[in-house]
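Student: Could you take me through a single part of this model in detail, namely its sheet and what surrounds it? I would like one connected account rather than a list.

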Amino acid sequence: KLLTILAELQRQAKRENQSYNEDNAPRLWILSPSAGITVLEGFGAKLRPDWPEGVYFLPSLYRTAIIAINQLPVTAETLWLRLLGRGKTQDQAVRELLELPQGNAFRENVLELLISWRVNMEINNILETEDREVFMTLSQTYQEWKEATKREGRREGKLEGKLEGKLEGKLEGKLEGKLESIPRLLALGLSVEQIAQALDLDLEQVRQAAQE
């Protein structure tokens, strides 16, 4: 993949009559939960003094580095990568994530992804032994999310019921009156299908009125 991209960048520079700066060319980063000595030595991968522990660079012509996630230092800067690890490394990263303050954008966005992952694993009945610790760590947050989702669903259900009740009571009458009410209903966030059902109109009538 890397060689394909480098070749395309070289062709692009040639087409545009520009010099190709190899120093600015992309690098391949290989993320691995762990990396043994045999693998690292086999590829000639070595640490660099200006990079943290766990980041191993292959010889320069390869333009490739291997990140051994379980060897990364435990810092805020490595948290996102450590969440992609396995076993204890990932579990510790999840605990650090949950300790971030409520409302923290990084915390909320990543938790949404983790909960989605947990739901998918649960639905598909795929649960490896090393995932159990992370599942237990996420359990409380997962339960809170489920309760919040149920409350939101009930709230939206009640609101929709009230809107439908008002529509049935107030929007009876001639076709002209129904059509005139469509823009206001669209502004309330109702879909074309919901409006057509509430007003007992054809979808095409609603679409045409909405366009006008």
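Tutor: The four strands form an open sheet in the order β1-β4-β3-β2, and the pairing within it is mixed. At the edges stand β1 and β2 (46-47), each of which has a single partner strand, so one side of each is left without a neighbour in the sheet. The model is a predicted one, and what follows should be read with that in mind. In the protein as a whole, nine helices accompany the four strands, and the elements run α-β-α-β-β-β-α-α-α-α-α-α-α from the N terminus on.

The pairing of β1 with β4 is a good place to look closely. These two strands run parallel and are joined by five bridges, and across this pairing Trp-29 stands opposite Ala-65 in β4. Ala-65 has a relative accessibility of 0% and therefore counts as buried, the cut-off for that class being under 20%. Leaving aside residues up to four places away in sequence, Ala-65 touches Arg-27, Leu-28, Trp-29 and Ile-30, and also Tyr-56 and Phe-57. The C-alpha atom of Ala-65 is separated by 6.4 Å from that of Leu-28, although the two residues are 37 positions apart along the chain. For the protein as a whole, residues 24 or more positions apart account for 40% of the contacts with a separation of 6 or more.

From Trp-29 the picture extends to the aromatic side chains, since a search of the whole structure finds four aromatic pairs. One of them is formed by Trp-29 and Phe-57, which meet edge-to-face with 5.9 Å centre to centre and 75° between the planes. This pair links distant parts of the chain, with Trp-29 in strand β1 and Phe-57 in strand β3, 28 residues apart. The two partners fall into separate accessibility classes: Trp-29, at 36% relative accessibility, counts as partly exposed, whereas Phe-57 is buried, with a relative accessible area of 4%. Trp-29 and Phe-57 also belong, together with Trp-51, to one aromatic cluster. In addition, Arg-48 lies over the face of Phe-57, at 3.9 Å from the ring centre.

The loops beside the strands deserve a careful look at their backbone angles. Most residues other than glycine have a negative phi. Arg-63, in the loop between β3 (55-57) and β4 (64-68), nevertheless has a positive phi, near 50°, and because its relative accessibility is 12%, Arg-63 counts as buried. Asn-17, which is not a glycine either, has a positive phi of about 55° and lies in the loop between α1 (2-15) and β1 (28-32). Asn-17, by contrast with the buried Arg-63, counts as exposed at 72% relative accessibility.

For context beyond the sheet, the helices hold an aromatic pair as well. The rings of Trp-80 and Phe-106 have their centres 6.2 Å apart and their planes at 75°, so this pair too is edge-to-face. Trp-80 belongs to helix α3 (residues 79-82) and Phe-106 to helix α5 (residues 105-123), 26 residues apart. Trp-80 is partly exposed, with a relative accessible area of 40%, and Phe-106 is likewise partly exposed, at 34%.

Terms used:
Residues are numbered from 1 along each chain as its sequence is written. This is a predicted model: local features need pLDDT of at least 70, side-chain atom pairs count only at pLDDT 80 or more; totals for chains, interfaces and linings use all residues. Side-chain values use heavy atoms; hydrogens and water are left out. Contact means heavy atoms within 4.5 Å. Buried means under 20% relative accessible area, exposed over 50%, partly exposed in between (1.4 Å probe, protein chains only). Two strands pair if DSSP finds at least two bridges between them. Rings of Phe, Tyr and Trp (its six-membered ring) pair if their centres lie within 6.5 Å; planes under 30 degrees apart count as stacked, over 60 as edge-to-face and the rest as tilted. A charge sits over a ring if NZ of Lys or CZ of Arg is within 6 Å of the ring centre and within 35 degrees of the ring normal.
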